[in-house]
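Please look over the strands, the aromatic rings and the charged side chains of this protein, and report how they are arranged.

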Amino acid sequence: AEWMEELMFIPVYNGWVDGVSYNLPLIPNVYIETDGSQVAYNGWSATDYLPCKGVDDIAVDYKVIEETYLSEYCAFYDENKQFLCKCVINNLEDGSTLSLRWYNSLNYDIKIPENAAYVRFSHQTVRMQNYTFTPVKY
């Protein structure tokens, strides 16, 4: 079928697909501490380890018009799921990066560190349900 031929050209890399949002089954009542550890906390949720090796950026979109920001409680990990660093935003107008804690926007990109193989996001559960995270390869 014609549609099947089109599907064959979608590149798949290391467990993610360019331009297709991650499926986000959430782990309830936990958040990701700034050192990458998982901490029990009611009312928050976290993603599991999302593959990001080879991703250039992760496009973050928030589906509800309200004043919010993705919390700083998000982290990158290496291939052994060892903590590398917190997430930062890389598309500020002056080209600089910024911790997620201080950036208030509905749409932005997150820079992927060179050695990162996995990423985890966390926020209040009611807000996490409104986020989409899409891996992008340039």
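Strands E4 and E13 pair in the antiparallel sense over three bridges, where strands are DSSP runs of at least two residues, numbered from the N terminus, and two strands count as paired if DSSP finds at least two bridges between them. This is a predicted model, in which local features need pLDDT of at least 70 and side-chain atom pairs count only at pLDDT 80 or more, while totals for chains, interfaces and linings use all residues. Residues are numbered from 1 along each chain as its sequence is written, and side-chain values use heavy atoms, with hydrogens and water left out.

Within the pairing of E4 and E13, Ala46 stands opposite Ser122 in E13. The two strands belong to an open sheet of three strands in the order E3-E4-E13, and the pairing there is antiparallel. Its edge strands are E3 and E13 (122–124), each of which pairs on one side only. The twist averages 65° from one strand to the next, the axes being lines fitted to C-alpha atoms and the angles running from 0 to 180 degrees between N-to-C directions.

A further open sheet has four strands in the order E5-E12-E7-E8, again with antiparallel pairing. Because E5 and E8 stand at the edges with a single partner strand each, one side of each is left without a neighbour in the sheet. The strand pairs listed here include two from this sheet, with one bridge given for each.

| Strand pair | Bridges | Example of bridge partners |
|---|---|---|
| E5 and E12 (residues 118–120) | two bridges | Leu50 and Val119 in E12 |
| E7 and E8 | three bridges | Ala75 and Lys86 in E8 |

The hairpin of E7 and E8 has five residues between the strands, and in it Lys81 takes a positive phi near 65°. The charged end of Lys81 sits over the ring of Tyr118, 5.1 Å from its centre; this term requires NZ of Lys or CZ of Arg to be within 6 Å of the ring centre and within 35 degrees of the ring normal. The charged end of Arg120 likewise sits over a ring, that of Tyr49, at 4.9 Å from its centre.

Turning to charge pairs, a search of the whole structure finds one salt bridge, defined as a side-chain nitrogen of Lys or Arg within 4 Å of a carboxyl oxygen of Asp or Glu. It joins Glu79 to Lys53, with the closest N and O atoms 2.3 Å apart. This pair links distant parts of the chain, since Glu79 lies in the loop between E7 (75–77) and E8 (83–86) and Lys53 in the loop between E5 (50–51) and E6 (57–62), 26 residues apart.

Among the aromatic rings, those of Phe, Tyr and Trp (its six-membered ring) pair if their centres lie within 6.5 Å, with planes under 30 degrees apart counted as stacked, over 60 as edge-to-face and the rest as tilted. By this rule the count comes to ten aromatic pairs. The rings of Tyr31 and Tyr41 have centres 5.6 Å apart and planes at 90°, so they form an edge-to-face pair. This pair also links distant parts of the chain, Tyr31 being in E3 (residues 26–32) and Tyr41 in E4 (residues 38–47), ten residues apart.

At 14% relative accessibility Tyr31 counts as buried, whereas Tyr41 at 47% is partly exposed; buried means under 20% relative accessible area, exposed over 50% and partly exposed in between (1.4 Å probe, protein chains only). The rings of Tyr131 and Phe133 have centres 5.6 Å apart and planes at 20°, so that pair is stacked. Both Tyr131 and Phe133 are buried. Tyr31 and Tyr41 also form one aromatic cluster with Trp44 and Tyr73.
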